[in-house]
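Please look at the model below with its empty spaces in mind. Where is room left inside the protein, and which residues border that room?

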Amino acid sequence: MSIRINPDPSPDLLAAIALNRQAQNTALQQISTGRQVNQLSDNPAASAEVVLNHVQSNQDDQFLRNISSLQSQGQSIDSTLSSAVQAMTQAISLGVEGANGTVSDSNRQAIALQLTGIRDQVLGIANQTYQGNYVFSGTATSTQPFVLDSTQPDGVKYNGNTNVNSIEISAGQSIPVNLPGSQIFTNPSGDILGALNGLIAALQNNSGIVAANTNLDQAFTQLTTQRVFFGNTLQQWQSSQTLLNSDKVQLAQQENSLVGVDLAKSITNLEQASTATNAILSATNQILSTLNLLNYLK
């Protein structure tokens, strides 16, 4: 009986070693990246879904950046309008005081002077800037919106426009981010600056003070109504941020389910491939020793 030994086992051994080396490299890559799909050929269907996942996630990031870029401005405007509300509250109190029939002419003039200071304060608020842009000029952000102008019926001229800026907060959904100053400070339904100018003139002339106070009350109501817009906008931004961040978490979980690696399994695969490689190398050495012995015996 003769023993038949493959005279050249090298190709089979090299192929087996290469196969196990590939398995080792795959396991190592999965362990290091935490992903079982690291290239298209690993799983074409999962790779295609991951691409769509990344597109959606990038869109969410853009919407979050859009919101974040305007949040500070919105908070600044809301705070500024709060100051306007406080100034108007003080003006209403002074108007009531000035309407008292027992107030002397000199006291009325003093009250009118105080109201002039409040009017100038509100005018400054109406001309507020944020990062160098006027926030109450509509979309004409480089133009100062309000100037005192005695030729105008209410004593103020608006130089902005009535347009609004919008921001996209989700796919297909945009919301306005500002109101034109004419809608807030010189609204025909409640003209803040005009009402202040009217009350100042009424006190200076001691005529029409009651009617001027009525206009001021109406303007104050209009101001608080308009301010609600910015409060609602901030809340909507915050809600959108919450939804977008939640969507990003879901997308991350979905991606992990598509391409995430079972770490314990990958470690086991690495160990098995390493063991198999070592076994093949050991068998190779034995075969080479046997071949050398046979060659020696010939």
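The paragraphs below take the enclosed space, then the open one.

This is a predicted model. Rolling a probe the size of a water molecule over the atoms shows where empty space is left. When the whole structure is searched in this way, 1 cavity of 30 Å³ or more turns up. The largest cavity has a volume of about 60 Å³. Two elements each give two or more residues to its lining, namely α2 (44–98) and α6 (209–259). The largest share, 4 residues, comes from α2.

By name, the residues around the largest cavity are Leu70, Gln73, Gly74, Ile77, Val177, Phe230, Thr233 and Trp237. Sorted by class, this lining has 5 nonpolar and 3 polar residues, and no charged ones. Gly is counted among the polar residues here, so Gly74 of the lining falls in that class.

The largest pocket, which is an open space rather than a closed one, has a volume of about 190 Å³. The elements that supply two or more residues to the pocket lining are α2 and β2 (133–134). Here too α2 gives the largest share, with 3 residues.

In total, 13 residues line the largest pocket, and those nearest its centre are Leu70, Gln73, Asn133, Thr141 and Asn165. The class count for this lining is 5 nonpolar, 8 polar and no charged residues.

Leu70 and Gln73 appear in both places: they line the largest cavity, and they are among the residues nearest the centre of the largest pocket.

Technical notes:
Residues are numbered from 1 along each chain as its sequence is written. This is a predicted model: local features need pLDDT of at least 70, side-chain atom pairs count only at pLDDT 80 or more; totals for chains, interfaces and linings use all residues. Side-chain values use heavy atoms; hydrogens and water are left out. On a 1 Å grid over the protein atoms alone, a cavity is a set of points where a 1.4 Å probe fits but cannot get out, and a pocket is an open set with protein on both sides within 12 Å along at least five of seven lines; lining residues have an atom within 4 Å of a point. Grid points are joined across faces, edges and corners, and a volume is the space filled by probe spheres set on the points.
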